Structure formats: C-alpha cells, structure tokens
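User: I would like to learn how to read the features of a model like this one. Please take me through it step by step.

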Amino acid sequence: MTTVPDKTFYLETFGCQMNAHDSEKVIGTLEREGYRRVESEEEASLILYNTCSVRDKAEQKVFHRLNDYKFMRKKGKRFAVLGCVAQQEGENIFSRAPYVSLVSGSASYRKLPEMLARLEAGEERITGLDDRQSEETFDTDATNRQNPYRGYITIIEGCDKFCTYCVVPFTRGKERSRSSSSVLDEARRIADQGYTEIQLLGQNVNSYLDPEEKKNFAELLAAVGQLQGIRRVRFMTSHPKDFTRDIVEAIDAYPTLCDQVHLPVQSGSARVLKAMAREYTPEWYLERIAWIKAARRKISISTDIIVGFPGETAEDFVQTMELLGQVEYDCVFSFKYSPRPNTPALALIDTLSEAETDKRLQVLLDRQREIQRINYSKHIGELMEVMVEGHNPVRAQISTRSSQNKTVNVTWSQPIAPAPGTYLQVRITAAHPNSLIGVVESSI
Ligand code: 5AD
Ligand code: SF4
C-alpha cells in the first residue's frame, strides 16, 4: 500500500515587497497542488525560504536559518531555497547546505508543481532557475494574497540599471514591462475581491512602458487610480533618472493616487553617484524633488541612502547630510554598503573602516530623527483619513496608515476593532518621529 504524502508546507519570506508578492504566488501554486500551509517548521513536511540577497546580512540570515533547522532533515523534512539567493548561488547552495533538496528562482514558481512531483518521487536535488524573459512571469492565477488590506501587482520585472553596488540585475534579470491590459485586469479582479488599496511593484516602475498600447508609467497610474472601488494606489520603487513630471501631475489629478513618493537618492555627492552609476547628479535629483514639493497636495517623500560606499570621503558624506537637510524626508532607509557578488563596485578600493561607516550612519540616523520629529509634529490637530491595518488590544490601539504612508496609532478601548481595510477619520493628537497618535472622529 502506498502512503499519502504529508503535504504540509512552511514558507518564510525575506526581503522586499517583490519577494512578499512572489511568495503569494508560491503559496497559491502550492495550495492548488493540494499542499496546506502551516505556521512553523516543526509542523511542515516541506520548508521553503524565499530569500533576499541585496545585502550580505540578508543572505547570511537564510544560511543561519537553514543551519538552525538542518536536524529536521533526519525527520524526513525537505528544504527548498527560492528567490534571489537561489538565483544568485544556484547549485552552490547544495555545497553550502547539503540537506537542501530544491533550489528555485522565484519566477520559476510555475514549474514548482513539476519540481515537487519529482521531489515526492524521491529525487534528492532539483534546480530550477529563471529565464524571466516572458510575459508568463506575470501569470497570477494562483496568487493567494496574504495581505488583508493591500493588493500587490507586479507591473515590471527585473532591472537594466546596473548600479555598481547592486545585485538585483543579476538575480531578477532584464527589465520587462507587463501589458497594461493585464495589469488593469488584475486590478479589477482584486477590487472585486474587496481590496481598495493597490501597490504597483517593480524595481524601477518609472521605466514602465506598455508593450502593447505604449502607455507610460504615469498613464498606467492614472488608469489604475480611476478603477471602480479603488481608493488608494501606491507604487514602489522609483528611479530619479526616469522619474517624470507627469507622475506628479497624475497624483494631482487623481485623489486615489496616494500622496507619497519613494525616491531613492543613495548619496548626496555627485562623485559618489557617478561611481555608483546612478545616472544623475544631486541637482537633477533636487529638481525632481522640487516638482514633487510644488504639487497641490503635500506629497510625503522617502528615500534610500547607502553609507560608506567605497571611496566615500568625509566631504562626500557631508554632501549627503546637506541633501538630507534640503529635502526633509519623512522616512529614510539607510544601509551600510555591502559588497555583493558580480557587482562592479567590488573592484573599487574600499579604505573606509567599519567604525567610520558606523559613525556616519549614526550621524545620519540622529539628524533624520530630528527632521522627522519636526515633520511629524506638523500634523498635530489635523483631520486625516486613515486605513485600519491591525489591532493591539494590550495597548488599546488600532494601527492605521495615512495616504502619506505614515503610521497612525489610534486610541481604541472597545474589545472589537474595525476590520483591516476600514477607513476612519482621525484627529491627530500627538506625534513621534516615526508615528502619529490619533482619535477617531468618524468612520467613512
Ligand atoms: N549595499 C547596501 N545597500 C544596498 N542597496 C542595494 N544594494 C546594496 C548594497 N550592495 C540598497 C539601496 C537600494 C535598497 C533597496 O537597498 O539603497 O535602494
Ligand atoms: Fe539595483 Fe539600481 Fe536596479 Fe535599484 S535601480 S534595483 S539599486 S540596479
């Protein structure tokens, strides 16, 4: 008699929203194959890690996690490594972690059913890496959306920018835009499921170009923003080289487009930007910031900064700090430079000590905290529309988000909270550098 295989899986996601969304596709695909998701490695027969390799720390985390659980291999559990580390390392993963059975790039989730069948049939090592060249990459029938209030939609895959520090062009491949008809179909489908917030995803959404109808990014944004039932549209990530004024005009024209732009600058020094191959100068960047600041609605601006890029001098860093003061961001994601495989920056001479990089990072964090304290305190007294994301009964609060992407913790003493996705009007009563406090005036 043959035994029915135990089709349980545990999936953990590392890294960005692109990965979170890829995981939604993997979950949907596995469930269609009769697999059932469980909450811990202990309960699962198949353990999958969807990995990130943008910085070394993220990559090491996966190998540590694998190491922590490798004893489970003896209990017959299978390990699968998906995503960017899988794509980057390929079969090398088997030598670093010999108990892994499956290595697959995340766009290969369509091939997962076939690969899983081979695993079940007893194959020990399977590799499925991506070609990521076709529209099929965007195939979404099997998506099982995990976020209860935000529907992710990939509009463009890959990246052709080849910034000298970045591994993404090697892991996620060449840039390909999805047709706008397919994006709009998916947006309508998820609006029918009850989602009112959509986030358009891509490594560089600004270089989106509809392969069929030749819509550019701003036109796609406007089309999504006009769909029935959609109240909030966000997008990630922008690139200053390709950021156009019509994006700001679209935000001005359609209130459903959130008043938030994430525009990674990476450095305030022209010299460092050149060494990074970012294809713009601080002046070019600040011109785009001026467009955003001239919008009718106040648009919240956030950024990414790399500290300690090889050869970054004290003067280069001062220029980054000056730019920080000029833009007055609402949020900054700052990272210490991390050398990545295959990238041209590996060849640059890096003389900066770890201690000096740490010092600069701390200076930046302290200054930015001060900027945010001032920015956030300006909201006190304001009436704001927020969307509920979660409930914290212990603190008697619900966590919500504003159109500007600010966290607003709202006082809530009743035992039952409004469901995620509910809109409320709240009055802001206090401010911290990373969040606001509010009280409900009415639900909308
Ligand atoms: N080292 C540090 N930060 C990096 N990023 C990308 N590659 C690296 C690297 N090698 C940062 C950039 C990018 C963000 C997603 O991650 O700031 O915008
Ligand atoms: Fe990496 Fe640059 Fe592409 Fe962003 S634009 S994914 S930083 S190569």
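User: How many residues of each class, nonpolar, polar and charged, make up the lining of the second largest pocket?

Analyst: Start with the class of each lining residue. This is a predicted model. Here the lining of the second largest pocket has 12 polar, 6 nonpolar and 6 charged residues. The lining has 24 residues, and those nearest the centre of the pocket are Gln260, Cys331, Phe333, Arg401 and Asn405. The space in this pocket comes to about 390 Å³.

User: Which elements give two or more residues to that lining?

Analyst: Map the lining onto the secondary structure. The elements are four strands and a helix: S11 (232-236), S12 (260-262), S13, S14 and helix H13 (354-377). S11 gives the most, with 3 residues.

User: From which domains does the lining draw at least three residues each?

Analyst: Go up one level, to the domains. The assignment gives domain 1 (8-128), domain 2 (150-377) and domain 3 (383-443) for the protein chain. Domain 2 and domain 3 each supply at least three residues to the lining of the second largest pocket. As for domain 1, its C-alpha centre lies 36 Å from that of domain 3.

User: Now the ligands. Which residues surround ligand 1?

Analyst: List the shell, then its classes, then the polar contacts. The shell of ligand 1 holds Val54, Arg55, Tyr165, Gln266, Asp304, Ile306, Phe335, Lys336, Tyr337, Ser338 and Arg340. By class, 5 of these residues are nonpolar, 2 polar and 4 charged.

User: Which residues place a polar side-chain atom by an oxygen atom of ligand 1?

Analyst: Take the pairs one at a time. Arginine 55 has a polar side-chain atom 2.9 Å from an oxygen atom of ligand 1. For glutamine 266, a polar side-chain atom lies 2.7 Å from an oxygen atom of the ligand. Check the backbone too. A polar backbone atom of serine 338 is 2.7 Å from a nitrogen atom of ligand 1. Then look at cover. On its own, ligand 1 has 410 Å² of accessible area, and the protein covers 85% of that. Strand S13 (300-307) and strand S14 (331-336) are the elements that give two or more residues to this shell.

User: What surrounds ligand 2?

Analyst: Use the routine of shell, then classes. Around ligand 2 are Cys159, Lys161, Phe162, Cys163, Tyr165, Cys166, Val168, Pro169, Gln203, His239 and Arg278. This shell divides into 7 nonpolar, 2 polar and 2 charged residues. Tyr165 is listed around ligand 2 and also around ligand 1.

User: Last topic, the backbone. Is the peptide bond from methionine 236 to threonine 237 cis or trans?

Analyst: The general idea comes first. Most peptide bonds are trans, and most residues other than glycine have a negative phi. The bond from methionine 236 to threonine 237 is cis, with omega near -10°. Threonine 237 sits in the loop between S11 and helix H9 (245-253).

User: And what is the phi of alanine 277?

Analyst: Look at its sign. Alanine 277 is not a glycine, yet its phi is positive, about 60°. Alanine 277 lies in the loop between helix H10 (270-275) and helix H11 (282-293).

Methods: Residues numbered from 1 in each chain as written. Chains lettered and ligands numbered in written order. Predicted model: local features only at pLDDT ≥ 70, side-chain atom pairs only at ≥ 80, totals over all residues. Heavy atoms only, no water. Near = heavy atom within 4 Å. Nonpolar A, V, L, I, M, F, W, Y, C, P; charged D, E, K, R; others polar. Polar contact = N/O pair within 3.5 Å; in protein donor to acceptor, adjacent residues only side chain to side chain. Areas by Shrake-Rupley, 256 points an atom, 1.4 Å probe, with all protein chains shown as cover. Domains from an automatic or database assignment. 1 Å grid on protein atoms, 1.4 Å probe; cavity = no way out; pocket = protein on both sides within 12 Å on 5 of 7 lines; lining within 4 Å. Points joined across faces, edges and corners; volume = space filled by probe spheres on them.
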